[in-house]
Amino acid sequence: MTRARLVVLVSGAGSNLQALIDATADPAYGAEVVAVGADRDGIEGLARAERSGIATFAQRVGDHGSRAEWDAALAERVASYRPDLVVLAGFMKLVGDDFLAAFGGRTVNTHPALSPAFPGMHGPRDALEYGVKVTGATLFVVDAGVDTGAIVAQTVVPVADDDTTETLHERIKVAERAMLVDTVGRMAREGFRVEGRRVRFGRFASADESH
Ligand code: GRF
């Protein structure tokens with residue numbers, strides 16, 4: 001079986017990345033991480049990739065004349081690794097038009113809330129403040145909005161009475177990692193198709209947008 005080529009983009013600790021790296025140790029998983037990119041240097045996510053012998057790169061917005069130039073450079077760099085699927089795993093930047101032109105429909109992002117509730121940078125905090133009794137994480141196909149793309153998978157966790165943002169986010173991240181590994185593996189092995197807001201697994205002979 002040919003393994004799907006993954007490029008993973010990170011901005012921080014990279015525990016989701018690590019879960020993917022660990023899963024790809026089994027050839028039957030169906031995917032390999034061919035490169036890890038970031039929007040900053042010196043983060044644990046990049047160090048994790050280096051320790052596993054995976055190619056890394058950083059594209060910092062500040063090194064480019066504009067956000068659009070950064071986005072084009074990021075897209076070009078990612079393209080050089082010929083990914084089948086791009087995984088944003090704690091990547092704290094919105095990708096732009098050039099990136100979406102190149103990788104739209106085959107870029108997924110993980111968000112620590114149950115979409116469409118609580119989009120944006122503070123999903124766990126916003127869920128806690130709202131008082132919901134369950135929250136979770138959402139894997140979605142990236143579009144031009146903020147955490148608005150078609151949903152591939154969701155996982156639910158309870159909110160405890162004594163939770164802080166930190167304890168809640170940690171509980172979410174345990175479930176989030178499992179969801180990410182399971183779902184990316186299925187996407188790699190089974191293929192998938194985006195039909196409007198619905199994402200379906202499986203290979204479909206005649207559809208251009210099938211992966
Ligand atoms: C994850 O919860 C992700 O959804 C959020 O930031 C966290 C990243 O964690 N955007 P890590 O870097 O994978 O450990």
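Modeller: Start with a term. On a 1 Å grid over the protein atoms alone, a pocket is an open set of points with protein on both sides within 12 Å along at least five of seven lines. A molecule sits in a pocket if more than half of its atoms lie within 2 Å of its grid points.

Biologist: Which pocket does the ligand take here?

Modeller: The space taken by the ligand is the largest pocket. Keep in mind that this is a predicted model, where local features need pLDDT of at least 70, side-chain atom pairs count only at pLDDT 80 or more, and totals for chains, interfaces and linings use all residues. Residues are numbered from 1 along each chain as its sequence is written, and side-chain values use heavy atoms, with hydrogens and water left out.

Biologist: Which residues surround the ligand?

Modeller: A residue is near a molecule if one of its heavy atoms lies within 4 Å of it. Here the shell includes Ala-13, Asn-16, Thr-110, His-169 and Lys-173. By type, the shell residues are 2 nonpolar, 6 polar and 2 charged; Pro and Ala count as nonpolar, Glu and Lys as charged, and Gly is among the polar ones.

Biologist: Which helices supply at least two residues of the shell?

Modeller: Helices (H or I, at least four residues) and strands (E, at least two) are DSSP runs, numbered from the N terminus. Helix H1 (15–24) and helix H6 (165–190) each do so. H6 gives the largest share, 3 residues.

Biologist: What are the polar contacts of the ligand?

Modeller: A polar contact is a pair of N or O atoms within 3.5 Å. A side-chain N or O atom of His-169 is 2.8 Å from a ligand oxygen. For Lys-173, a side-chain N or O atom is also 2.8 Å from an oxygen atom of the ligand. The protein buries 90% of the 370 Å² that the ligand exposes when taken alone, by the Shrake-Rupley method with a 1.4 Å probe.

Biologist: Where is the cis peptide bond?

Modeller: Most peptide bonds are trans. In this model a cis bond joins Ser-115 and Pro-116, with omega about 10 degrees. Pro-116 lies in the loop between strand E5 (107–111) and helix H5 (123–130).

Terms used:
Polar contact = N/O pair within 3.5 Å; in protein donor to acceptor, adjacent residues only side chain to side chain. 1 Å grid on protein atoms, 1.4 Å probe; cavity = no way out; pocket = protein on both sides within 12 Å on 5 of 7 lines; lining within 4 Å.
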